[in-house]
Every structure is written in structure tokens, then in C-alpha cells.
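Got the viewer open? Let's take a short walk, one selection at a time.

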Amino acid sequence: MYIVNKLKEQLTLLKNNFNSLKSENQSLKNEIKNLTDELDSLKYNNENMLLNIDKALHIAKDSKIEQ
């Protein structure tokens, strides 16, 4: 009976650890998704910034040519 009770305790601990790991896994997946979304936003902002710099350089170049 002692062995059976110890095995039940171990099984309960394993189930709890498993559930904890599942929860942590889901949290990490959510964090990865949020970081991926943030990265996409930063890439978009970077592309827009580069386009604006390019436009500004063309405007500056065109105004020098006109002078």
C-alpha cells in the first residue's frame, strides 16, 4: 500500500508539472507572437523611414539642380 501511495503522489506531481509546463509553453507562444507583431511593425516603420529619407534626398538634389 505504501508503494501505491508513493506512486500516486509521484503521478500527481508529474501531472502538476506537466500542466505548469503547458501553461508556460502557452505563455511563451503568446510572447513570441507579440514580439513577432512588434518586429513586423518596426520593419514597416523602418521601410517608411527609408522611403521618406529617399524622398528628402531627391528633393534636396532637385532643389540644388534648380539653383
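Start by selecting Asp37 and Lys33: both sit in helix H1, 4 residues apart, which is about one turn of the helix. Keep in mind that you are looking at a predicted model. Now show the side chains of Asp37 and Lys33, and you'll find them meeting in a salt bridge, at 2.8 Å from N to O. Color Asp37 by accessibility if you can: its relative accessibility is 38%, so Asp37 counts as partly exposed.

How many salt bridges does the structure hold? The count is 2, so there is another stop to make.

For that one, select Glu9 and Lys6. Their side chains also meet in a salt bridge, here at 3.7 Å from N to O. Glu9 and Lys6 are 3 residues apart in helix H1, so about one helical turn separates them. Are these two buried or exposed? Glu9 is partly exposed, with a relative accessible area of 44%, and Lys6 is partly exposed too, at 37%.

Next, leave the charges behind and select Met49, Leu50, Ile53 and Leu57. Turn on the surface: these residues form a nonpolar patch there, and together they have about 390 Å² of accessible area. Zoom in on Met49, which has its place in helix H1, a helix covering residues 2–66. Met49 has a relative accessible area of 43%, which makes it partly exposed. Why can Met49 be part of a patch? Patch residues need over 30% relative accessible area, and Met49, a nonpolar residue, is at 43%.

Methods: Residues are numbered from 1 along each chain as its sequence is written. This is a predicted model: local features need pLDDT of at least 70, side-chain atom pairs count only at pLDDT 80 or more; totals for chains, interfaces and linings use all residues. Side-chain values use heavy atoms; hydrogens and water are left out. Patches are made of residues with over 30% relative accessible area and no salt bridge: like charges are joined within 9 Å, nonpolar side chains (Val, Leu, Ile, Met, Phe, Trp, Tyr) within 5 Å. Accessible areas come from the Shrake-Rupley method with a 1.4 Å probe; for residues, only the protein chains shown count as cover. A salt bridge is a side-chain nitrogen of Lys or Arg within 4 Å of a carboxyl oxygen of Asp or Glu. Helices (H or I, at least four residues) and strands (E, at least two) are DSSP runs, numbered from the N terminus. Buried means under 20% relative accessible area, exposed over 50%, partly exposed in between (1.4 Å probe, protein chains only).
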